[in-house]
Amino acid sequence: MRWHILPENRLKRTIRSETEHHYNTPRNLLVVHRGNCQSDEYDQELFASLFILPDKDHVLLLTCIYEICTYRRMGDANVVARLGSMKALLGIVAGAGASYGIYKLVFGRAGDAGVNRKKSAKSVTIQPGSLMAKVSGFKVVSKSDNLDPADTESSDILSKSAASLEPRHLSMLLSLLQSSPNPEERRKVLITLGNAAAFTVNQDLLREFGGLPIIAGFLSDPSPEIRVQTLNALNNLSMNIRNQEQLKIYVPSVMQMIEMSPVNSDLQLAALRLLTNLSVTDNHQHLMKNSITLLLSLLIVSNEVLQIQVLKVLVNISSNPDLMDDIVQAQAPAALILLFDGCTSTSVLLRLLFFVGNLHAWRPSAQVAEALRRRQDSLYCVLLDSSSQLHSKLPLLLSHPDEEVKTQVARLLT
């Protein structure tokens with residue numbers, strides 16, 4: 001066994017070095033302080049040296065060093081007292097050294113003969129408030145303390161601006177989204193991904209990383225707020241035509257979400273925004289043709305913000321001649337005609353007129369028109385048939401204060 005009597009300025013460095021490499025070096029380091037050191041900080045570093053010893057060595061050396069410090073703190077009023085203390089100190093150290101040597105000899109050989117190494121490799125469990133915690137000078141970390149570097153890095157990523165996110169950050173966010181059990185953390189990740197998806201390069205990267213189905217998987221999350229943020233992220237991702245090819249399969253789920261959600265809710269609004277983007281081109285409009293009645297009904301019961309979003313979808317779909325038969329045959333509420341009024345919001349009224357203008361571009365054959373007239377609740381009868389009340393309401397809008405409204409009405413009357 002080697003004894004190290006170290007000067008103060010080398011003590012901290014030696015403890016650090018031995019601690020970092022204690023698996024590969026003999027665990028027999030005992031640090032003895034010089035008699036002229038009286039600082040509390042030094043006591044803490046002295047007791048810190050215990051942590052590089054095996055489990056069974058701590059109890060013996062802790063007792064030894066505790067008694068050393070007790071003697072060192074005794075009265076130092078005169079030289080005789082100091083010499084007495086020093087003799088006692090050396091006697092304790094020598095006795096402790098001998099005891100420690102015998103202890104190591106007996107238990108060391110027994111350990112070499114076949115003691116399970118896993119037990120000796122376990123670290124000492126220090127309970128907060130215990131003697132070991134007090135004398136070691138180290139902060140005791142409880143199990144509840146979170147020191148995972150991955151959590152810190154995730155927090156850093158979530159705090160970054162969307163423009164500063166790198167490809168590796170997007171990949172990490174997707175992994176975190178899948179693995180996190182914390183709903184609030186998932187919500188924050190979806191917000192970050194949604195903001196990042198506003199940039200074309202990130203729209204492509206998220207698709208290449210397989211992120212679209214990962215994000216869309218949270219459309220069925222039990223938390224309404226998470227579903228809203230999922231829809232917002234998909235909305236931005238859907239501005240990319242190549243992404244739409246993957247996102248089109250979720251249209252039925254989004255339609256069901258609109259139908260089942262509370263009227264004027266954030267869920268309905270976010271879902272309609274996604275459908276607006278997916279209906280910009282003719283490629284996926286046919287996926288929404290069976291939901292025309294749902295959309296027309298929403299116009300009657302929703303607020304202005306939702307009405308505008310519904311009409312954006314309807315205007316997009318009605319621009320496709322191939323879908324016109326399905327649209328005019330859809331069941332429509334009779335109250336729809338009441339929206340063509342000067343009291344209706346100008347933003348809503350203009351989009352209603354655009355929608356009707358698209359319907360007027362369709363010319364059914366006499367046979368089809370006769371078949372549609374038999375269905376009094378069809379959109380054709382409510383807005384297009386000669387018996388529709390719309391024909392008497394349009395002229396009244398020619399006196400509307402908005403010039404564009406008057407222009408659209410004039411086009412419908414000619």
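This is a short tour of a predicted model, from the whole chain down to a few residues.

Residues are numbered from 1 along each chain as its sequence is written. In this predicted model, local features need pLDDT of at least 70, side-chain atom pairs count only at pLDDT 80 or more, totals for chains, interfaces and linings use all residues, and side-chain values use heavy atoms, with hydrogens and water left out.

Select the whole chain. It has 23 helices and zero strands; these are DSSP runs, helices being H or I with at least four residues and strands E with at least two, numbered from the N terminus. Of the 414 residues, 43% are buried (under 20% relative accessible area; exposed is over 50%, partly exposed in between; 1.4 Å probe, protein chains only).

Next, select helix H16, residues 292–301, and find isoleucine 300 in it. Isoleucine 300 is partly exposed, at 32% relative accessible area.

Add Val263 and Val301 to the selection: with Ile300 they form a nonpolar patch on the surface, about 220 Å² of accessible area together. Patch residues have over 30% relative accessible area and no salt bridge; nonpolar side chains (Val, Leu, Ile, Met, Phe, Trp, Tyr) are joined within 5 Å, like charges within 9 Å. A salt bridge is a side-chain nitrogen of Lys or Arg within 4 Å of a carboxyl oxygen of Asp or Glu. Accessible areas come from the Shrake-Rupley method with a 1.4 Å probe, and for residues only the protein chains shown count as cover.

Now select asparagine 264, in the loop between helix H14 (251–260) and helix H15 (266–278). Asparagine 264 is not a glycine, yet its phi is positive, about 70°. Most residues other than glycine have a negative phi. Asparagine 264 is partly exposed, with 32% relative accessibility.
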